[in-house]
Amino acid sequence: MPPTTVTVAPGLSSFLKSLKNTPVDSSIEHFIALLKRRQIRNSRPCAIATTQLLLRVVAEFKFRDVDKLLRRVREVGQRLIAAQPREMVVGNIVRRVLGLIREVAEDDAEVDTNAISDIGNSPVPLQSEFPRPTLASSMSTFSPLRYGSTSMDSSLHQSESMSDQGELPHRPPLLTSHTSYSVPNAPMVTSLFGLFSHPDSPSASSTPTGYNSPNGKGTLTAQNLERLSESTSSKANIKAEVQEGIKELMDELEQSDDLIAANALDHIHSNEIILTHSASTSVQKFLLAAAKKRKFTVVHAEAHPNDHHATHAMTLTGTKRDYDDDSDAEDRWKPLTAAGITVVMIPDSHVFAIMSRVNKVILATHTVLANGGLVAAAGARVIAKAAKVHQTPVVVVSGVYKLSPVYPFDIEELIEYGDAGNVVPYEDGDFVDKVDVDNPLYDYVPADLVDLYITNLGGHAPSYLYRIVADHYRVEDINL
Amino acid sequence: MDTQSSSATAKTPTGTVPNEPKPPSQQAQGENQKLSGAELKKRAKAEKAARRAQQQAAGGKDIKSPKESKQAPKDRDSKPASKESKQGPKDSEKSKPMPVRRRQSLSIASTKEPKGEVKQYAKQAFGLFGHLSGVPRNHSLVGVSKEVHPAVLALGLQYSSYVICGSTARCVSMLLAFKSVIESYTTPSGTALARNLVSHVLSPNIEFLKSCRAISISQGNAIRWLKDLIVKIDPSVSESEAKSHLLNSIDNFILQRITAADELISLNASQKIQAGDVILTYASSSIVQTTLIKAHKAGTPFRVVVVDSKPLYEGKRLAKTLAKHGLQVSYGLISSASHAIKDATKVFLGASAMLSNGRLYSRVGTAIIAMLADERNIPVIVLCESVKFTERVALDSIVGNEVAPSEELLSEAERDVLVPLKPLNRDPSSDIAADKSDARTWWMGEPLQMLNLMYDVTPSDYIKLVITENGSLPSSSVPVVHRISTNI
């Protein structure tokens, strides 16, 4: 089991340390090796490592050509994904960085060419999203878009950036870093406006356009790139803006748990019995936030045989033991028991027996998929199903960065199988010789077993997740 | 509660304990001078609550103090660490009263324990299962009534250590032990066997077995049958005749109700296995094992998936035995159940009991397997002798269940780390004082508990078929069969 990585063994923290003074290419190789050896695993460490690495990749990028930058990031991303396809956060982060670059480039292009660009664009609609170029143009015309260069709002989603323009003057500057996950209502105003001003566009706050896609229509790309190469001053900004955006992405990773935890009091009531599963910092923080105000009982299924050590450590100390924490001071939480919460540890087999008394199930997740299903530690599916049978609500707690645009056409390929030695030790040679031992690490939980997702954006029905996917990823980037 | 009443004996052994942990608490108090008056008030309140438990307060204090001392410095730690320094002290103040309040109840619950193992029981008595964890398991021969037969003594220890495990095995072994009890029995002068045997000999033996591990339904049925048999013996019959009658009857009972029943059931069930089937089973059931082996010997090509769970890992033995017989076996734990079920075409389950409302009472986790099978429309077939039928009913697994000691959930290595576990019948007061590692105090003091149930109840609509020696029935026929089999 890789989690046995002690402080000496390579892991996230050693990688992040080495990142600063190693050349990018060897850092990439390093990360790929770590991914392959499962020395960096689980969503959060992977997400952090990927973001940091891409930040370096962008920083080291020497050319001024946006297209080349996109190609470079994509190429790095492909290699990372190939190294460990089941850590889907890696792909998510790469896609978001790509989307970020596109966005910055588009904004930049629009600043330079202003309204001319949309005249150039609108006649070249990409099939399936023909109304969107016009929508984008509406935005560029009624906004100076200067915010882009100030980088306050190199926000990740165009729909949000529309809202930003509308209320930029009113917003306190502190909030800007949260733009991508606050003001849920505000976009409505501007997007409705957009709807009225362009009655033929069916969906106002839709997926950002792809008219600047490098693999879009040839003439268009050439046009844009030509314009970009003309304006040298803005090009210098692009890199800085992208870096700024990646840093914001890092902030999002950091803050997502706290933002999720802010919802805790809406969902956990006094004297409830909450069932949770395996070790997750998100869930831990969520419960701790609720524990500040309320008293409840947590029933913790231990996720034997793969995560039970981490689970035990979590309930004992509040942190996963093998979680190589780079930020020591911040990661030291109290265990739930210190907050006065009764924690009852149960083996996974007790789930059905105890479910009739459980008020709510809170699940952590490995990846959330676009159809509302999720991949979580093995045993989650049983819990979700038992909860369904008992009509107990299932709440899944997950950062948006875990939300993947992947559709689970083949569920089996999402499931990783782990070391059979965790189930039956290899010393038991007699047994291991004759019996096939299975040890799946993950379960796929279909969307209909989940009642609610809580992300850093708030609560969503599983059926709504596709929309958040559309907000966060560019259509062009979905297939890397 | 009965827990409190038992506490009267607690005084003497714990006498040494409170002396040890007290100093740290006083130290902590000294360190925490700067803590507010509210904190002191709370402490006083807690102490009052503890005093209310009179002498037993000694035990309660011992639990409380290491925790308080632990918590106070931790709060101070967290203040500089937390980003919002303003919130830090507020949190600690807010969270303080809760543990204190909790500890009141905890201290009352835990005061009574003179022995370490009893302490564990109090811990797992969290709200829902408080009613189940009354009697601690007996692991020793200390203080056993002299009426208990050596064979029964040995058997009891085998029960409590799971050497003999499984409803059928426990029932048969118990009857065999009772046979030797009856063999070595001589009626005292002036009484009749029918009157003396049950009350003076059999009952203490049964009580001892109960103290080792709660009795299963099949055992209960067998005991009821045996008592009935003894009482009905004609007093005019000579002792040796009566004894041989009893011994023969017990042999017959085992033969008819268990051995022959098993044979019939496994024969019927093995015919349900068709070529190419993938049979999934959970944990270990002797009758499922014989069924599968029988089907294999009959030449049917099929595959077996054994799903297992901690802490008993019964399925391991089953998988090993099946593999030894040449079956193709794969093995996984309950967390992988949703994957294992995908291949399965039939699910065979053993039973600890069939309840009168058609529900299956079996090893904890069985309900999960049945649920997953039902979801995929895979037939769930329960193999169960009619001795295991009972008139009891249950809607869920919480009202009636057997709670096993929670430390069994920890693996050996974990036990070493978390609970430096001594031989279970040690003198606890001395070694608690001896090694006061952090983990130990956690284990004793924190409101963290582990729950180790033995059984769960599977809803009857998950069960497609119950195969008994009386035929293959739907689960709704259980009460009828039970009536018929008890009226004979």
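Helices (H or I, at least four residues) and strands (E, at least two) were taken as DSSP runs and numbered from the N terminus. The structure is a predicted model, in which local features need pLDDT of at least 70 and side-chain atom pairs count only at pLDDT 80 or more, while totals for chains, interfaces and linings use all residues. Residues are numbered from 1 along each chain as its sequence is written, chains are lettered from A and ligands numbered from 1 in the order in which they are written, and side-chain values use heavy atoms, with hydrogens and water left out.

Most residues other than glycine have a negative phi, and most peptide bonds are trans. In the loop of chain B between helix H9 (150-160) and helix H10 (167-183) lies Tyr162(B), a non-glycine residue whose phi is positive, near 60°. Tyr162(B) is buried (under 20% relative accessible area, 1.4 Å probe, protein chains only), at a value of 14%. In chain A, a positive phi near 60° is found at Arg38(A), also not a glycine. Arg38(A) belongs to the loop that runs between helix H2 (24-36) and helix H3 (43-60). With a relative accessible area of 23%, Arg38(A) is partly exposed, a term for values between buried and exposed (over 50%).

Cis peptide bonds were assigned in both chains. In chain A, the bond between His304(A) and Pro305(A) is cis, with an omega of about 5°; Pro305(A) sits in the loop between strand E2 (297-301) and helix H15 (308-317). In chain B, Lys310(B) is joined to Pro311(B) by a cis bond with omega near 5°, and Pro311(B) is placed in the loop between strand E2 (303-308) and helix H15 (314-324).
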